Amino acid sequence: QIEETCDVVIVGTGPAGSTAARVLSEAGWDVVMVEEGSPFGSRLHRADAWHAFRSAWRDTSFQVARGRAITPFLQGRAVGGGTPINGAIIHRMPQPIQEVWAARHGLDETVPYAELERIFDKLDVELSVAPTPEAAWGGNNALFKRGAEALGWHANPTDRAVDGCERSAACTQGCAGGHKRSMDVTYIPRVIARGARVHSECKVDKIEVESGRAVGVRGRYRDPITGAKGPLLRVRARKAVILA
């Protein structure tokens with residue numbers, strides 16, 4: 001059994017977990033992150049679609065949400081969560097949506113929109129967020145824009161977190177050139193440089209609770225392809241457990 005002690009343990013290394021780790025580690029807290037998936041660039045990652053889906057997509061991308069209709073639900077399983085295998089699209093919460101949440105759930109008392117805007121601006125700088133350049137639109141998007149303009153509609157390119165996109169159109173298989181500003185090449189190296197530890201290929205299956213307070217997690221290392229079990233991991237957290 002492997003044992004760790006820290007201030008905060010974070011389960012999940014996607015955008016939520018990695019951003020929490022970035023803020024907490026820079027505040028001087030000792031952080032441990034635990035991730036079920038593998039790092040990109042590991043022995044599991046190959047550029048073809050089948051191996052990318054098998055190693056980095058939960059349920060090999062066949063996950064669905066059940067309701068009145070069966071809807072495909074794509075979820076990453078890798079260091080960086082879904083960010084290594086999504087399209088790097090960044091969309092800010094519109095203020096009218098925030099206003100609805102504030103009216104119904106009191107969100108404005110905790111996170112006023114002006115504060116969200118400040119955070120969004122900072123994230124844009126740190127993650128190289130910018131409108132997709134015209135050279136990367138492709139014919140379909142250029143035609144879409146011309147059609148919108150012909151109808152008198154406003155159309156604008158999507159904002160993406162990319163630095164020097166090579167237009168390979170293989171975002172869902174991982175950016176071979178490392179241009180996508182995914183968590184595995186931005187915030188995770190940043191928190192590791194500040195002393196954080198990342199345990200990958202380890203699935204957390206228990207939160208330890210004492211006197212009504214979460215104090216740690218337990219998990220087991222597993223080969224994400226074969227399912228072969230490895231050693232146990234136990235992480236004790238002095239201050240908090242974050243599920244992301």
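Me: A pocket is an open set of points on a 1 Å grid over the protein atoms alone, with protein on both sides within 12 Å along at least five of seven lines, and its lining residues have an atom within 4 Å of a point. What is the volume of the largest pocket?
Reply: This is a predicted model, in which local features need pLDDT of at least 70 and side-chain atom pairs count only at pLDDT 80 or more, while totals for chains, interfaces and linings use all residues. Residues are numbered from 1 along each chain as its sequence is written, and side-chain values use heavy atoms, with hydrogens and water left out. A volume is the space filled by probe spheres set on grid points that are joined across faces, edges and corners. For the largest pocket, the volume is about 620 Å³.

Me: Which element gives the largest share of the lining of the largest pocket?
Reply: The lining has 27 residues, and T132, A136, W137, N141 and R160 are the ones nearest the centre of the pocket. Helices (H or I, at least four residues) and strands (E, at least two) are DSSP runs, numbered from the N terminus. The largest share of the lining is 3 residues, and these come from helix 6 (residues 138–150).

Me: How many helices and strands are there in the protein?
Reply: The C-alpha atoms fill a box of roughly 65 × 45 × 45 Å, taken along the principal axes. Within the 244 residues, 35% are buried, where buried means under 20% relative accessible area, exposed over 50%, and partly exposed in between (1.4 Å probe, protein chains only). The count for the protein is 7 helices and 10 strands.

Me: Why does strand 1 count as largely enclosed by the rest of the structure?
Reply: Strand 1 covers residues 2–11. It is largely enclosed because its buried residues number 7 of the 10.

Me: With which strand does strand 1 pair over 9 bridges?
Reply: Two strands pair if DSSP finds at least two bridges between them. Strand 1 pairs in the parallel sense with strand 2 (residues 31–34) over 4 bridges, and V9 has V32 of strand 2 as its bridge partner. On the other pairing, V8 stands opposite A240. The partner over 9 bridges, also in the parallel sense, is strand 10 (residues 229–243).

Me: Which hand does the crossover between strand 1 and strand 2 have?
Reply: I10 of strand 1 stands opposite M33 in strand 2. The chain goes from strand 1 through helix 1 (residues 15–26) to strand 2, as a β-α-β crossover. A crossover is right-handed if, with the strands pointing away from the viewer, the path from the first strand over the helix to the second runs clockwise. This crossover is right-handed.

Me: Which residue of strand 7 stands opposite V32?
Reply: Strand 2 is covered on both faces, with V31 and M33 buried on one side and V32 and V34 buried on the other. Strand 2 also pairs in the parallel sense with strand 7 (residues 197–199), over 3 bridges. The residue opposite V32 is R197.

Me: What kind of aromatic pair do F53 and W57 form?
Reply: Rings of Phe, Tyr and Trp (its six-membered ring) pair if their centres lie within 6.5 Å; planes under 30 degrees apart count as stacked, over 60 as edge-to-face and the rest as tilted. The search of the whole structure finds 1 aromatic pair. Its ring centres are 5.4 Å apart and its planes are at 75°, so the pair is edge-to-face.

Me: Is W57 buried or exposed?
Reply: Its partner F53 has a relative accessible area of 25% and is partly exposed. W57 has 6% relative accessibility, so it counts as buried.

Me: Over which ring does the charged end of K239 sit?
Reply: A charge sits over a ring if NZ of Lys or CZ of Arg is within 6 Å of the ring centre and within 35 degrees of the ring normal. R22 has its charged end over the ring of Y187, 5.7 Å from the centre. For K239 the distance to the centre is 4.1 Å, and the ring is that of W29.

Me: What is the phi of A88?
Reply: Most residues other than glycine have a negative phi. S61, in the loop between helix 2 (49–56) and strand 3 (64–65), has a positive phi of about 75° although it is not a glycine. A88 lies in the loop between strand 4 (71–72) and helix 3 (95–105), and is buried at 7% relative accessibility. Its phi is positive, about 65°.

Note on methods:
1 Å grid on protein atoms, 1.4 Å probe; cavity = no way out; pocket = protein on both sides within 12 Å on 5 of 7 lines; lining within 4 Å.
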